Amino acid sequence: MSLLSVEAATKRFGGLTALDAVSLEVAPGSITGVMGANGAGKTTLFSLIAGTDRPSGGRITFDGRRVDGLPADRVCRLGIARTFQIVRPFAGMTVLDNVAVAAMYGRRRIRARGPAEVIAWEVLEATGLADRAHQAAGSLTLAGRKRLEVARALATGPRLLLLDEVMAGLTATEVAEALAMIEDLRRRYDLTILVIEHVMRALMRLCDRIVVLHHGRLIAIGTPAEIATHPEVVDAYLGGGS
Ligand SMILES: Nc1ncnc2c1ncn2[C@@H]1O[C@H](COP(=O)(O)OP(=O)(O)O)[C@@H](O)[C@H]1O
Ligand SMILES: [Mg+2]
């Protein structure tokens, strides 16, 4: 049974169809990569799933429950958390406080500071940020800020985690560390993960399945090996086209 089911999800911005009848099924415990050139509709897909934006058409079901069109905070409390491509922590707040606030927003319905901090410390440890807990979020390196995005999403207690380019701009070593972290997080928290990434080799190693978007349409879905040799993907994406 699928944990997430996306059926003909469509998003129009004025005359532009950013996402065009995209359908996909996500099995519990899986890691699915989402690939595609800039403007392909990857972030839009995440926004529709997470309730950050409403679809123009189609249906999204999470754990048997229809979620498209619900506000983002409701979707988050049902167990879907996303990171943002443009990292946006509260820069003046400490790393710990950023994560504690997220814990109070999420699925666990925590309303008090103490329990929120307990969760925040655990999540900071899991994301390798515990030693930077008392730093201002704005003073973190890019790799640190990307980890903080993941930590804030995790603190909401998700079952489905959507990672939007959390490895973009990182060095090869930092990418390798991020991959190890994502694999560890899946096991530790029993997560199902969707991951948008441009680093093709990273997706190949990490994912059970890969989805390829091109101009808003899903043009391929399969195992990493299938995707690497898929003619339309090689033409549209790996061939260096738009
Ligand atoms: N809020 C918006 N208003 C208008 N156009 C948008 C908006 N968000 C995204 N788009 C457009 O939709 C298309 C898909 O964008 P996006 O999903 O961000 O692509 P990707 O994440 O694959 O780079 C792009 O052409 C982008 O300019
Ligand atoms: Mg994007």
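Gly39 places a backbone N or O atom 2.7 Å from an oxygen atom of ligand 1. In this predicted model, further polar pairs to ligand 1 involve the backbone of Gly41 and the side chain of Thr44. Apart from the ligand site, the model has a largest pocket with a volume of about 440 Å³.

**Polar contacts of ligand 1**

- A polar backbone atom of Gly41 lies 3.0 Å from an oxygen atom of ligand 1.
- The side chain of Thr44 brings an N or O atom to 2.6 Å from a ligand 1 oxygen atom.
- Of the 560 Å² of accessible area that ligand 1 has on its own, the protein covers 61%.

**Shell around ligand 1**

- The surrounding residues are Phe13, Leu16, Ala18, Ala37, Asn38, Gly39, Ala40, Gly41, Lys42, Thr43 and Thr44.
- By class, this shell comprises 5 nonpolar, 5 polar and 1 charged residues.
- Strand S2 (16-26) and helix H1 (42-50) each contribute at least two residues to the shell.
- Helix H1 provides the largest share of the shell, with 3 residues.

**Largest pocket**

- The volume of the largest pocket is about 440 Å³.
- This pocket is lined by 17 residues, of which Arg82, Phe84, Tyr105, Arg152 and Thr156 are the closest to its centre.
- Two or more lining residues come from each of helix H2 (72-78), strand S6 (80-82), helix H3 (95-105) and helix H5 (142-155).
- The lining of the largest pocket consists of 11 nonpolar, 2 polar and 4 charged residues.
- Both domain 1 (1-79 + 159-242) and domain 2 (86-157) supply at least three residues to the lining of the largest pocket.

Notes:
Residues numbered from 1 in each chain as written. Chains lettered and ligands numbered in written order. Predicted model: local features only at pLDDT ≥ 70, side-chain atom pairs only at ≥ 80, totals over all residues. Heavy atoms only, no water. Near = heavy atom within 4 Å. Polar contact = N/O pair within 3.5 Å; in protein donor to acceptor, adjacent residues only side chain to side chain. Areas by Shrake-Rupley, 256 points an atom, 1.4 Å probe, with all protein chains shown as cover. Helix = DSSP H or I, 4+ residues; strand = E, 2+ residues; numbered from the N terminus. Nonpolar A, V, L, I, M, F, W, Y, C, P; charged D, E, K, R; others polar. 1 Å grid on protein atoms, 1.4 Å probe; cavity = no way out; pocket = protein on both sides within 12 Å on 5 of 7 lines; lining within 4 Å. Points joined across faces, edges and corners; volume = space filled by probe spheres on them. Domains from an automatic or database assignment.
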